[in-house]
Amino acid sequence: MIPVTKPFLPKVEEYDDYLASIWERQWLTNNGPLVNELELRLKEYLQVNHLLYVANGTVALQIAIEALALSGEIITTPFSFVATTSSIVWQGCKPVFVDIDAKTLNIDPQKIEEAITPQTSAILATHVYGNPCDIDAIQEIADKYKLKVIYDAAHCFGTKYKNRSVFEYGDISTTSFHATKLFHSIEGGAVFTQCPELLKKMSQIRNFGYNGPNEFTVLGLNGKNSEFHAAMGLCNLKHINEILKKRKQLSHHYWKKLEKLAATYPKINPDSEYNYSYFPILFESKELMLKCIAALEVNKIYCRRYFYPALSHLPYVQDQILPVCEDISDRILCLPLYHTLTFADINYIARIILRIQNYQETPVIDMPVNLQIELDTILKTKEN
Ligand SMILES: Cc1ncc(COP(=O)(O)O)c(C=O)c1O
């Protein structure tokens with residue numbers, strides 16, 4: 001079986017070493033030494049000024065919205081993961097969706113201005129698949145209308161924009177360290193800002209609103225993360241360069257093998273250094289995409305329609321039809337991409353997709369040896 005993603009796992013001995021130290025200290029959570037160490041190492045690696053390690057990427061968004069005291073309407077993208085929208089609603093604000101750019105798949109800055117009303121307090125944009133938005137254009141609009149900017153940078157570990165970490169942009173950037181992300185701590189996330197006052201406020205929000213042992217100055221939640229999660233983050237950070245390198249090689253191999261496919265790929269921001277966090281392909285037609293999904297599944301290869309459906313159709317928002325987003329989310333598919341995926345796996349996936357395009361047939365193609373062995377094992381287990 002080839003799943004759409006598999007988490008990177010360090011050698012178990014590497015994690016064991018951290019576990020032994022946790023047992024010795026008996027300090028499991030609440031801003032422990034490993035959480036502090038992870039924050040320090042992340043700051044060094046990413047070359048950022050400030051960050052806070054939090055429980056997950058969803059809570060990171062909620063903390064950001066709360067810290068900026070946003071209210072009323074927040075302009076956002078319909079093409080993202082559900083947490084981008086749900087966190088806006090959870091914070092008592094109204095998401096106002098603006099269509100995306102057909103080439104970059106990020107929010108289209110040219111359409112933002114017409115959606116601004118006296119109730120608008122912020123723009124919350126996602127750097128989709130780790131590809132930076134048109135940051136300069138968005139900031140210009142935000143400055144003109146005095147709006148705050150939050151970037152959902154959940155896909156962006158390792159991405160740079162104009163030679164700086166993309167996490168350094170906007171009033172606040174947030175990210176996710178969920179197990180499916182290229183850098184992960186099982187569950188986890190972070191908030192980033194350039195502003196020390198905002199950092200302090202977010203740190204209080206992360207810890208129930210505490211300001212000292214017996215004082216609550218702000219409305220808080222429990223956004224802390226544990227020593228066990230930080231330990232996984234510390235292990236994985238040691239492998240991050242090899243992880244990023246491998247994803248780049250795998251993505252280039254896909255592009256080469258799929259050269260003859262009538263498909264396009266998101267246009268990467270030319271001012272950025274991309275992190276290859278996903279491998280999305282935009283098929284010529286929904287029909288061809290669905291046939292490919294079926295053929296791949298027959299061959300035990302699982303892809304993901306990411307993102308589908310558009311967030312503007314969620315049951316708890318005012319329904320909006322955004323033509324570019326509708327069209328893109330109908331035809332986009334993320335192919336498997338993870339550290340242990342092999343070039344042979346990619347050859348196999350590409351052959352199936354090309355055969356569907358060329359002959360419209362659902363093939364069961366000769367499997368690579370590793371997959372055949374896996375399948376045989378599964379079948380034998382079932383027989384017994
Ligand atoms: C764009 C985006 N935003 C937010 C999240 C939420 O992150 P988490 O799963 O860590 O809560 C995700 C996670 O998949 C995401 O892809």
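Helices (H or I, at least four residues) and strands (E, at least two) are DSSP runs, numbered from the N terminus. You are looking at a predicted model, in which local features need pLDDT of at least 70, side-chain atom pairs count only at pLDDT 80 or more, and totals for chains, interfaces and linings use all residues. Residues are numbered from 1 along each chain as its sequence is written, and side-chain values use heavy atoms, with hydrogens and water left out.

**Stop 1: the β6–β7 loop**

Select N163, found in the loop between β6 (160-161) and β7 (164-165). N163 has a phi near 65°, positive although the residue is not glycine. N163 counts as exposed because its relative accessible area is 69% (buried means under 20%, exposed over 50%, partly exposed in between, with a 1.4 Å probe and protein chains only). K162 sits in that loop too, and its phi is also positive, near 50°. At 40% relative accessible area, K162 is partly exposed. For background, most residues other than glycine have a negative phi, and most peptide bonds are trans.

**Stop 2: two cis bonds**

Now go to the loop between α9 (286-298) and α10 (323-331), where you will find F307. The peptide bond joining Y306 and F307 is cis, with omega about 15°. Then click on P309, which lies in the loop between α9 and α10. The bond from Y308 to P309 is cis as well, omega being near -5°.

**Stop 3: the ligand**

Show the ligand and the 16 residues around it (a residue is near if one of its heavy atoms lies within 4 Å). Which of them come nearest? They are G57, T58, D152, S176 and K181. By type, the shell divides into four nonpolar residues, 10 polar and two charged (Ala, Val, Leu, Ile, Met, Phe, Trp, Tyr, Cys and Pro count as nonpolar, Asp, Glu, Lys and Arg as charged, and the others, Gly among them, as polar).

Next, turn on the polar contacts (pairs of N or O atoms within 3.5 Å; within protein, one must be able to donate a hydrogen and the other to accept it, and residues adjacent in sequence count only if both atoms are side-chain atoms). Polar side-chain atoms of T58 and S176 lie 2.6 Å and 2.8 Å, respectively, from an oxygen atom of the ligand. D152 places a polar side-chain atom 2.6 Å from a ligand nitrogen. Taken alone, the ligand exposes 390 Å², and the protein buries 92% of that (Shrake-Rupley areas, 1.4 Å probe).

**Stop 4: α3**

Two helices, α3 (57-67) and α4 (82-90), each supply at least two residues of the ligand shell. Color α3 by accessibility: nine of its 11 residues are buried, so the helix is largely enclosed by the rest of the structure. Among the buried ones are G57, V59, L61 and I65. What caps the N-terminal end of α3? N56 does, with a side-chain oxygen 3.0 Å from the backbone nitrogen of T58. After α3 comes A69, with a positive phi near 50°.

**Stop 5: three more loops**

Pick T193, between β9 (189-192) and α6 (196-206). With a relative accessibility of 2%, T193 is buried. A polar atom of its side chain lies 2.9 Å from the backbone oxygen of D171, and the T193 side chain reaches the backbone nitrogen of C195 at 3.1 Å.

Move on to Y274, in the loop between β11 (272-273) and β12 (279-283). Y274 is buried, at 17%. Its C-alpha atom is 8.4 Å from that of C156, 118 residues apart along the chain.

Finish at E114, in the loop between β3 (94-97) and β4 (120-126). Is E114 buried or exposed? E114 is exposed, because its relative accessibility is 66%.
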